[in-house]
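These are my notebook entries on one protein chain. I begin with a sheet, go on to a residue in a loop, and end with the rings.

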Amino acid sequence: MSDEISLGQARRIALAAQGFLDPPHAAPTMRTLERTVARTGVLQIDSVNVLARAHLMPLFSRMGPYDVRLLHRATSVKPRRLVEYWAHCAAYMPVDLWPHMQHRMARYRSKGSRVEREQPELLQHLLERIRADGAATPRQLDDGSERSKENWGWNWSATQEALDYLWIVGELAVAERNAQFERIFDLPERVIPPAILDQSIPSEAQAHRELIRRAARSLGVATELTLQDYYRMHHTQTKPAIAALVDSGELRPVRVEGWKQPAYLDAQARIPRRVHAQALLSPFDPVVWYRPRSEALFDFHYRIEIYTPAAKRVHGYYVLPFLLGDRIAARVDLKADRRAGRLLVHAAYAEPSAPAHTAEALAHELRRLAGWLGLQDVAVAPRGDLARPLASTISADGALAGILDTPTGA
């Protein structure tokens, strides 16, 4: 392969790296899940539950309908395969990354926090409580401190702030999330497998190289800024790591058609001639979470509009891109109406490159998604240029609860 690759090749390399070449599995197992997370590297966590939790969707996009108890086992039952940490944002990461995050934890510790400066006794008290009484949520440990309503309405008590600090510096780990999606904190030695905790801590340079190595594996081909974003690193960390991996032959500098910045190709990247993907992507999916990359790869301009006032939204509240082949062909604003048992399509828009069979392919994925979520029907609102053909396709298959009278927001 030459040192210059086409944009189409870059797209296919990226999608293969993310697992969209992996064969489908009729009944995904723990091995399927581990293989999938080995591709994505992390599963970003977000509290929005309009459709399905953010960390659940990338697995569905790649594995198809699966039993979500698999992920619960991987994150909450010994021996854990995944653990929550600030790896991209808050995310589930393979547990063997824990030693490589020790320098990040130390860096947070050196910065300190308000609660560490003003209430060090609270930190010690919470550690002692958890050590003596076991895993607990912030509410279970809350001392009744006055709560603030900053940061998008989150109610941060002093207890919550202290526990969050103890987690980010590695004094605590997240044992699991409860039904209310609250973190349950525990001591690392009761969460992380002993074989991982007993490992020697790599040097900073080794840790940075490992993070860039994994980012490159998950991206296939990427610019320095994209590699830097994957595990939210600083350029002073990524530059020497990339240089070292180029020297070792693990990364190869390449030029990608239309990209202004130089790129790096993972030496183990698969370079398929075709990708036959068909998947709805969460707004927090690694394929689209770094917006400059989704624009450079797919010419897809995408912004999540959750925090945009309803009157100013362009495409909707919770909009999912639809991947078809090696292009993003459409976007749909979705909501799970669990009470009525319907998957609501508030809007559906085709992209300029959408092929003729986009509505049919999208209808198939919406039916699969509805079934996985335990919803009986799909209902489409007449908003967007793809809404009518999509509704007609679903209706022809007898799976439509009805055309929504008016588009509504979540």
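Entry one, the sheet. I looked up the strand order and found an open sheet of four strands, in the order 1-8-9-7, with mixed pairing. The edge strands are strand 1 (4-5) and strand 7 (221-223), each of which pairs on one side only. Strands here are DSSP runs of E with at least two residues, helices are runs of H or I with at least four residues, and both are numbered from the N terminus. Two strands pair if DSSP finds at least two bridges between them. Strands of a sheet pair through backbone hydrogen bonds, either parallel or antiparallel.

I noted that this is a predicted model, in which local features need pLDDT of at least 70 and side-chain atom pairs count only at pLDDT 80 or more, while totals for chains, interfaces and linings use all residues. Residues are numbered from 1 along each chain as its sequence is written, and side-chain values use heavy atoms, with hydrogens and water left out.

Strand 7 and strand 9 (residues 263-266) run antiparallel and are joined by three bridges. In strand 9, Leu265 stands opposite Val221.

Entry two, a loop residue. I found Met233 in the loop between helix 12 and helix 13 (235-247). Is Met233 buried or exposed? Met233 is buried, at a relative accessible area of 7%; the limits are under 20% for buried, over 50% for exposed and partly exposed in between, with a 1.4 Å probe and protein chains only. Leaving aside neighbours within four places in sequence, I listed its contacts (heavy atoms within 4.5 Å): Met233 touches Arg104, His208, Leu211, Ile212, Gln228 and Thr238.

Entry three, the rings. I counted aromatic pairs by this rule: rings of Phe, Tyr and Trp (its six-membered ring) pair if their centres lie within 6.5 Å, and planes under 30 degrees apart are stacked, over 60 edge-to-face and the rest tilted. The count is seven aromatic pairs. The ring centres of Tyr230 and Trp289 are 5.1 Å apart and their planes are at 55 degrees, so this pair is tilted. Tyr230 is in helix 12 (residues 224-230) and Trp289 in the loop between strand 10 (277-280) and helix 14 (291-298), so the pair links distant parts of the chain, 59 residues apart. Both Tyr230 and Trp289 are buried. I also found a cluster of Phe60, Tyr66 and Trp372, linked by ring pairs.
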